[in-house]
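Trainee: Could you walk me through one part of this model in detail? I'd like a close look at a loop and then whatever it leads into.

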Amino acid sequence: MSQEILLTVQSAATLNDFLRKELPKFLQGQNEGRGDCVQGQNAERGDCVQGQNAAREKAALSNSKIRRLLFSGNVMVAASPERKALQDQNGGKKALQAQNQRGGFFVCKNPAFSLKKNARVKVSLDQEKFFYEKQNDDIKFELDSSRVLYEDDAIIVVNKPPRFPTEPTFVQDRDNLRAAVIRYLHKKIGLDKNPPYCGIVHRLDRDTSGVILFSKRRDCNVALFAAFDSSRLEEGGANVAGKTKRSAGSLGLGSSLRSAQERAAKKIYVAVCEPAALSGLEKDFVQGKKAGAFKVGDNFSVQNYLGRVSLKSQAAKWGLVPKEKGGKFARTDFKVLEKSGGRLFVQAELFTGRTHQIRVHLSQRGLPILGDQLYGGAQAERIFLHALSLELPHPLTGKPLRFEAPLPPEFSACMD
């Protein structure tokens with residue numbers, strides 16, 4: 001059950017640091033039947049984490065938990081007179097009305113927000129949810145040479161396994177591919193050296209396998225970021241060579257097109273789709289064929305505007321969001337490569353790099369990916385999406401490069 005906690009700031013601090021310090025005191029006070037920790041009267045006690053509740057109190061201190069609490073909108077700060085005056089000058093009438101409805105408080109999601117002495121902070125906290133730790137099913141992974149597709153002084157290209165995050169998450173001590181790459185490179189240069197640089201220039205979803213590139217030198221980043229930049233592609237866009245226009249009329253975006261400059265990076269994915277698994281998503285179909293009508297060799301394209309459609313406190317889910325409401329333009333071209341036993345083997349070429357883009361676009365066409373239950377797919381051992389190949393110029397020499405990660409054996413097996 002959610003409870004409302006009112007805290008008073010004893011000395012200036014950032015919101016993140018204040019919550020990490022004061023919330024454990026409050027919870028410790030509750031566990032001991034005392035409420036005197038709320039106003040910081042026991043500030044001299046730097047460690048309230050002890051006794052049989054040590055594990056729970058330690059969990060409360062983690063950055064990941066505090067940030068999730070903030071991003072879910074459960075932390076409010078009392079508006080200062082200066083803030084109210086500034087909003088009033090800037091015509092913030094609606095914001096002031098919203099603050100008044102909350103008793104003069106406003107929702108604050110910024111961990112670095114500066115709190116002054118005597119400021120008041122209100123926290124809505126459900127202890128059961130706050131202390132609950134979802135157990136992930138990440139694999140244990142150490143990078144070795146068999147997974148390295150290419151390496152030189154500037155870049156390293158890896159065949160990423162599924163069920164393994166690309167980069168660090170809010171959950172402390174959770175392993176990730178970037179960390180594995182750093183360990184691999186560090187081992188090569190010797191343990192007496194400082195850890196090497198490893199820059200992330202593009203990402204793969206946790207459950208997606210295949211080709212991913214990391215930078216080994218900071219002076220390569222500008223060229224690499226430019227290669228993966230999809231912001232130049234606007235409605236209609238162009239094909240990968242940047243030479244021919246394609247009609248967007250059938251997709252409901254109008255027939256007025258603007259050519260984009262040639263994109264340097266070409267990303268090809270493959271997915272196993274199972275149309276029969278679709279349930280209740282028909283309303284999200286874009287114009288075009290229904291799932292069962294696709295044949296081997298069919299080409300189709302999806303372009304629309306995508307944004308997050310789930311609450312911050314829920315599993316991240318993306319979907320159709322109008323441009324005027326913050327949706328980002330997204331385009332994917334597809335080709336049906338194989339059809340067997342009610343499943344389709346589909347190739348996807350990314351023209352933009354929005355979160356969950358291929359997964360959302362296939363679901364919208366009635367072709368959810370096998371294993372992708374978030375978007376209507378049937379349950380399976382993994383989400384059957386694989387980054388097959390990547391083409392781009394070398395960031396230093398400009399030489400054309402192409403990398404390909406072989407299909408995992410389970411892809412062929414599920415199409416038999």
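Mentor: R163 sits in the loop between strand 8 and helix 7. Keep in mind that this is a predicted model. The backbone at R163 has a positive phi of about 60 degrees, even though R163 isn't a glycine. That's worth a look, because most residues other than glycine have a negative phi. As for its surroundings, R163 has a relative accessibility of 28%, so it counts as partly exposed.

Now take the two elements on either side of that loop, strand 8 first. Strand 8 covers residues 155-160 and runs antiparallel to strand 10, with six bridges joining them. One of the pairs to click on is N159, whose bridge partner in strand 10 is V211. Strand 10 has other partners too. Strand 9, residues 199-200, is also antiparallel to strand 10, joined by two bridges, and there I200 is paired with F214 of strand 10. With strand 16 the sense is parallel, again over two bridges, and G210 stands opposite A387 of that strand.

How much of strand 10 is buried? Seven of its seven residues, 209-215, are, so the strand is largely enclosed by the rest of the structure. L213 is a good residue to zoom in on, since it lies in strand 10 and is buried with a relative accessible area of 0%. Skipping neighbours within four places in sequence, L213 is in contact with I155, I156, V157, V201, H202, L224, L390, L392 and F403. One of those contacts, L224, is eleven residues away along the chain, and the C-alpha atoms of L213 and L224 are 9.5 Å apart.

There's a bit of empty space here as well. The count of cavities of 30 Å³ or more comes to one, and the largest cavity has a volume of about 40 Å³. Its lining is made up of H202, L204, V211, K267, Y269, A387, S389 and L390. Strand 11 (266-273) and strand 16 (385-393) are the elements that give two or more residues to that lining, and strand 16 provides the largest share, three residues. By type, the lining splits into five nonpolar residues, two polar and one charged. You've already met some of these names: V211 lines the cavity and is the bridge partner of N159, while A387 is in the lining and faces G210.

Over to the other side of the loop we began with. Helix 7, residues 177-189, comes up in the largest nonpolar core. That core has 46 residues, and V181, I358, L362 and I369 touch the most other members. Helix 7 contributes the largest share of the core, six residues. Apart from this core there is another one, of 21 residues, including I66, L70, A79 and V123.

L362 takes us to helix 9. Not counting residues up to four places away in sequence, L362 touches A271, C273, F300, F334, V346, L367, P368 and I369. Helix 9 (357-364) is mostly covered, with eight of its eight residues buried. Those buried residues are Q357, I358, R359, V360, H361, L362, S363 and Q364. They pack against strands on several fronts: strand 11, strand 12 (299-308), strand 13 (318-320), strand 14 (328-340), strand 15 and strand 16.

Check the backbone at both ends of helix 9. Ahead of it, H356 is in the loop between strand 15 (343-350) and helix 9. H356 has a positive phi of about 60 degrees despite not being a glycine. Is H356 buried or exposed? With a relative accessible area of 13%, H356 is buried, whereas R163 counts as partly exposed at 28%. The cut-off for buried is under 20%, which means 13% qualifies. After helix 9 comes G366, also with a positive phi, near 80 degrees.

Last stop: D372, in the loop between helix 9 and strand 16. At 1% relative accessibility, D372 counts as buried. Leaving out neighbours within four places in sequence, D372 is in contact with R359, G377, A378 and I383. R359 there is one of the buried residues of helix 9, and that gives you a contact from this loop back to the helix.

Note on methods: Residues numbered from 1 in each chain as written. Predicted model: local features only at pLDDT ≥ 70, side-chain atom pairs only at ≥ 80, totals over all residues. Heavy atoms only, no water. Core = buried A, V, L, I, M, F, W, Y, C linked by side-chain atoms within 4.5 Å. Buried < 20%, exposed > 50% of the residue type's maximum accessible area, 1.4 Å probe, protein only. Helix = DSSP H or I, 4+ residues; strand = E, 2+ residues; numbered from the N terminus. Contact = heavy atoms within 4.5 Å. 1 Å grid on protein atoms, 1.4 Å probe; cavity = no way out; pocket = protein on both sides within 12 Å on 5 of 7 lines; lining within 4 Å. Points joined across faces, edges and corners; volume = space filled by probe spheres on them. Nonpolar A, V, L, I, M, F, W, Y, C, P; charged D, E, K, R; others polar. Pairing = 2+ DSSP bridges.
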